[in-house]
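Work through the exercises below with the structure open beside you. Try each task before reading its solution.

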Amino acid sequence: MNAPKFDKSSLKTGSLKLKVSKEQSRMMITVGVATIITVFCLVSSRALVSQASYQRRVVNARHASAKQLKSDINNANTLVDQYNNVFIGANPQNIIGGRNISGTNITPPDGDNGQIVLDALPTVYDYPALLTSVQQLLNDDGIGSPSIGGTDQSSTANNTPTGNPQPVSIDLTISGSGTYSDSQKFIDDLERSIRPFDITHLTLTGNESALTFDLDVTTYYQPAKTLNITAQEIH
């Protein structure tokens with residue numbers, strides 16, 4: 001019986017295939033690792049870029065806030081200087097003809113000019129208080145048959161504080177009778193009132209001893225001002 005012959009060429013071929021297979025496996029592993037490293041680098045780079053962009057926005061916001069704060073401080077100092085120059089410096093006279101004094105129980109026309117200016121426009125719509133004030137002037141000046149007309153808009157008036165409040169007008173009609181000097185004194189008192197009154201129409205009838213007047217006047221209130229201090233979230 002003859003023994004099988006050993007084929008050396010087959011052994012070489014198998015060894016070559018095994019070597020090629022190992023090289024392919026090593027190459028695939030290398031490519032896989034390189035791919036993972038590349039993806040990791042890309043993700044890390046994107047995170048770093050995003051973080052750097054965020055930090056840049058934070059720094060810019062801080063610089064803007066610091067600039068605004070510096071401007072606000074300068075404006076506040078300027079306002080204090082202007083207030084002192086107008087209302088305190090050189091002992092200014094009371095702007096509505098009273099005594100230039102200050103205190104908790106001071107009533108118009110007395111008072112210091114700063115408080116007079118601050119009280120000039122009420123911050124809420126106050127129709128009943130307005131009528132009471134005008135009625136008091138009429139009584140103090142001895143005006144006979146006094147009459148005050150107007151429309152109460154308390155239900156629709158806007159008293160909400162805003163960042164940029166504007167004066168809101170209130171129209172009244174006022175009539176009465178008295179001597180010429182009494183009527184003149186009443187008009188002078190309107191002009192000297194802390195609260196501004198614009199006389200838009202005036203009718204006088206009669207003579208110096210018995211005079212009847214009819215006035216159309218406009219006065220104002222101004223909603224309170226708010227400071228728009230906000231917080232900004234940086235994304």
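The exercises go from the whole chain to the sheet, the helices and two serines. The model is predicted.

**Exercise 1. The inventory**

Task: State how many helices and strands the protein chain has, and in what order the elements run.

Solution:
- Count the elements. The protein chain has 4 helices and 4 strands.
- Read from the N terminus. The order is α-α-α-β-β-α-β-β.
- Check burial. Of the 235 residues, 19% count as buried.
- Check contact range. Take contacts between residues at least 6 apart in sequence: 69% of these join residues at least 24 apart.

**Exercise 2. The sheet**

Task: Work out the strand order of the sheet and find its edge strands.

Solution:
- Start with β1 and β2. They pair in the antiparallel sense over 5 bridges.
- Go on to β2 and β4. This antiparallel pair has 11 bridges. Within it, Ser177 stands opposite Thr212 in β4.
- Finish with β3 and β4. They are antiparallel too, with 9 bridges. Here Gly206 has Leu211 in β4 as its bridge partner.
- Put the pairs together. The result is an open sheet of 4 strands in the order β1-β2-β4-β3, with antiparallel pairing.
- Name the edges. They are β1 (144–150) and β3, since each pairs on one side only.
- Add the twist. Neighbouring strands of this sheet are turned by 15° against each other on average, direction ignored.

What holds such strands together? Strands of a sheet pair through backbone hydrogen bonds, either parallel or antiparallel.

**Exercise 3. Helix α4**

Task: Compare the span of α4 with the expected value, then locate its buried residues.

Solution:
- Take the length. Helix α4 covers residues 180–192, which is 13 residues.
- Compare spans. At 1.5 Å a residue the helix should span 18 Å, and its end C-alpha atoms are 18 Å apart, so the two agree.
- List the buried residues. They are Ser183, Phe186, Ile187, Asp189 and Leu190.
- Place them around the axis. They cover an arc of only 155°, so they sit on the same side of α4.
- Find what they pack against. The partners are α3 (127–140), β2, β3 (197–206) and β4 (211–221).
- Set the helix on the sheet. α4 touches β2, β3 and β4, and its direction makes about 5° with that of β4.

**Exercise 4. Helix α3 and its crossing with α4**

Task: Find which side of α3 is buried, and describe how α3 meets α4.

Solution:
- Take the span. α3 has 14 residues and reaches 20 Å from its first C-alpha to its last, close to the 20 Å expected at 1.5 Å a residue.
- Pick out the buried residues. In α3 these are Tyr127, Leu130, Val134 and Leu138.
- Look down the axis. The buried residues fall within an arc of 75°, so they line one face of α3.
- Turn to the other side of α3. Pro128, Thr132 and Asp140 are exposed there.
- Identify the cover. The buried residues of α3 are covered by elements including β1, β2, α4, β3 and β4.
- Describe the crossing. The axes of α3 and α4 come within 9 Å and cross at roughly 145°. The crossing is right-handed.
- Name the contacts. Val134, Leu137 and Leu138 in α3 meet Phe186, Asp189 and Leu190 in α4.
- Look past the end. α3 is followed by Gly142, with a positive phi near 70°.

**Exercise 5. Two serines**

Task: Is Ser175 buried or exposed? Is Ser145 buried or exposed?

Solution:
- Locate Ser175. It lies in strand β2 (residues 168–178).
- Apply the cut-off. Buried means under 20% relative accessible area. Ser175 has 18% relative accessibility, so Ser175 counts as buried.
- List its contacts. Leaving out residues up to four places away in sequence, Ser175 touches Ser145, Pro146, Ser147, Phe213 and Asp214. One of these, Ser147, has Ser175 as its bridge partner in β2.
- Move to Ser145. This residue is found in strand β1.
- Apply the other cut-off. Exposed means over 50%. Ser145 has a relative accessible area of 64%, so Ser145 is exposed.
- Check the backbone. Most residues other than glycine have a negative phi. Phi of Ser145 is near 45°, a positive value in a residue other than glycine.

How values were computed
Residues numbered from 1 in each chain as written. Predicted model: local features only at pLDDT ≥ 70, side-chain atom pairs only at ≥ 80, totals over all residues. Heavy atoms only, no water. Helix = DSSP H or I, 4+ residues; strand = E, 2+ residues; numbered from the N terminus. Buried < 20%, exposed > 50% of the residue type's maximum accessible area, 1.4 Å probe, protein only. Contact = heavy atoms within 4.5 Å. Expected span 1.5 Å × (residues − 1). Arc of directions from axis to C-beta. Pairing = 2+ DSSP bridges. Axes fitted to C-alpha atoms, helices over the stretch in contact; angles between N-to-C directions. Left-handed = near helix turned anticlockwise from the far one by under 90°.
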